[in-house]
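Let's take a walk through a protein model together, one chain at a time, and then see how the chains meet. Keep the picture open beside you as you read.

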Amino acid sequence: MTPLIRRPSAPATGGRGQLSMDFLITIVVALVIFLFLMQAFETRQAGVREAQNRLDATHTAELVADSANAVLLAGSGAGALVALPSALQSNEPYTANVTVNATGPDVARIDVAWSNGFVSRPLLTTRASGNLTPGGTVNITNTNGSLTFA
Amino acid sequence: MRGQTFAVDLALALLLLTFLVILPTSLAEQIERTVGVREDTVELQTAANTALDALLYSPGDPSNWTSLNCSSVSALGAQRRRGELDASKLARLADYAANDSGCFTNRLGLERPNFNESFGVYALNGSLVLGSNATAPTANESAVGERNAILNNQLVRLKLVVWITQ
């Protein structure tokens with residue numbers, strides 16, 4: 001006759017199984033939340049980088065345009081030296097140009113463009129020409145109301 | 001019982017975590033909006049001041065621009081002598097501002113997305129001498145530029161209001 005033996009380890013086995021399931025669920029939920037947070041963080045970081053680039057580009061365009069307008073209003077013979085940054089925030093390369101259109105809106109302006117955007121600031125005269133080199137120093141001169149960027 | 005306790009713990013933790021995630025996100029968006037408004041205001045103010053400086057400190061290019069077509073004008077300005085304005089140029093400018101804002105805006109650096117402007121010349125008692133009543137609609141981001149000058153031997157105030165339509 002087989003004796004009835006109560007196995008003391010039975011409850012412990014069930015408990016261990018339940019604990020593992022809890023642990024798995026917790027890990028899965030934590031991972032999902034972590035991934036969501038990482039994605040949200042990355043999106044936010046990209047937004048901040050873009051905002052920094054836009055602000056820096058705006059500042060650069062304003063620096064050149066404001067100096068050029070001041071030189072224009074100061075009269076013939078006036079000049080100014082402006083140092084351009086070599087890159088935007090987070091080392092983003094950019095291009096800067098003096099743009100003059102005979103007709104249409106924003107007839108004369110300083111354009112600053114980078115990989116994801118573009119800003120411009122107006123000049124007060126259409127008689128403007130020259131080149132802007134990132135990282136260089138631009139010499140703005142007024143000759144009889146004509147602005148030259150060199 | 002343990003399972004229920006765990007579920008309640010998990011729900012509370014998730015709720016707390018969601019709150020902690022949403023709070024900084026909404027705060028960051030609020031800060032972004034505030035910075036954007038501040039940037040717009042600075043841009044508006046700079047544009048208004050630059051345009052008024054151009055009118056006050058330059059005779060225009062060429063200086064006889066009032067007799068020319070807008071496409072032949074390189075720069076607008078209304079200076080007669082330092083601190084004094086040319087009445088005919090100012091009248092033409094007011095006319096441009098009221099009827100042909102294209103020439104007024106794109107020669108004075110005001111041709112920007114959603115930019116609007118209103119230009120007026122006032123006597124010191126506040127009565128309008130030239131142009132239109134320079135005010136911006138309420139609930140718009142706006143900036144006011146003002147300069148004093150002499151016009152026809154009288155002290156006048158140039159007022160340029162620039163605002164952004166949303």
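**Two chains and where they meet**

In chain A, residues 24 or more positions apart account for 55% of the contacts with a separation of 6 or more. Before going on, keep in mind that this is a predicted model.

Let's stay with chain A for a moment. Which elements will you find there? Chain A has one helix and seven strands. If you trace the chain from its N terminus, the order is α-β-β-β-β-β-β-β, so the helix is followed by the strands, as the definition of numbering from the N terminus lets you read off. Of the 150 residues in chain A, 34% are buried.

Now turn to chain B. Here you can look for three helices and six strands. Starting again at the N terminus, the elements run α-β-β-α-α-β-β-β-β. Buried residues make up 39% of the 166 residues of this chain. Among the contacts in chain B between residues at least 6 apart in sequence, 56% join residues that are at least 24 apart.

What about the overall form of chain B? Its C-alpha atoms fill a box of roughly 90 × 35 × 25 Å, taken along the principal axes. The radius of gyration offers another view: chain B has 25 Å, whereas a compact globule of 166 residues would have a value near 15 Å.

With both chains in mind, we can look at their meeting place. How many residues of each chain take part? In chain B, 29 residues are in contact with 25 residues of chain A. The area buried between the two chains is about 2,300 Å², and carbon and sulfur atoms give 59% of that area.

Charged side chains also pair up across this interface, where three salt bridges are found. One of them joins E43(B) to R121(A), with the closest N and O atoms 3.4 Å apart. Between chain B and chain A there are also three residue pairs in polar contact, counting pairs with both residues at pLDDT 80 or more.

Which parts of chain B supply the side that touches chain A? The elements that give two or more residues are α1 (2-57) and α3 (101-107) of chain B. The largest share comes from α1(B), with 18 residues. Sorted by class, this side of chain B has eleven nonpolar, eight polar and ten charged residues. Try finding α1(B) in the picture, and you will have located the element with the largest share of that side.

Methods: Residues are numbered from 1 along each chain as its sequence is written. Chains are lettered from A and ligands numbered from 1 in the order in which they are written. This is a predicted model: local features need pLDDT of at least 70, side-chain atom pairs count only at pLDDT 80 or more; totals for chains, interfaces and linings use all residues. Side-chain values use heavy atoms; hydrogens and water are left out. Contact means heavy atoms within 4.5 Å. Buried area is the accessible area (1.4 Å probe) that two parts lose on being put together, summed over both. A salt bridge is a side-chain nitrogen of Lys or Arg within 4 Å of a carboxyl oxygen of Asp or Glu. A polar contact is a pair of N or O atoms within 3.5 Å; within protein, one must be able to donate a hydrogen and the other to accept it, and residues adjacent in sequence count only if both atoms are side-chain atoms. Helices (H or I, at least four residues) and strands (E, at least two) are DSSP runs, numbered from the N terminus. Ala, Val, Leu, Ile, Met, Phe, Trp, Tyr, Cys and Pro count as nonpolar, Asp, Glu, Lys and Arg as charged, and the others, Gly among them, as polar. The radius of gyration is taken over C-alpha atoms; the globule rule is 2.2 Å times the number of residues to the power 0.38. Buried means under 20% relative accessible area, exposed over 50%, partly exposed in between (1.4 Å probe, protein chains only).
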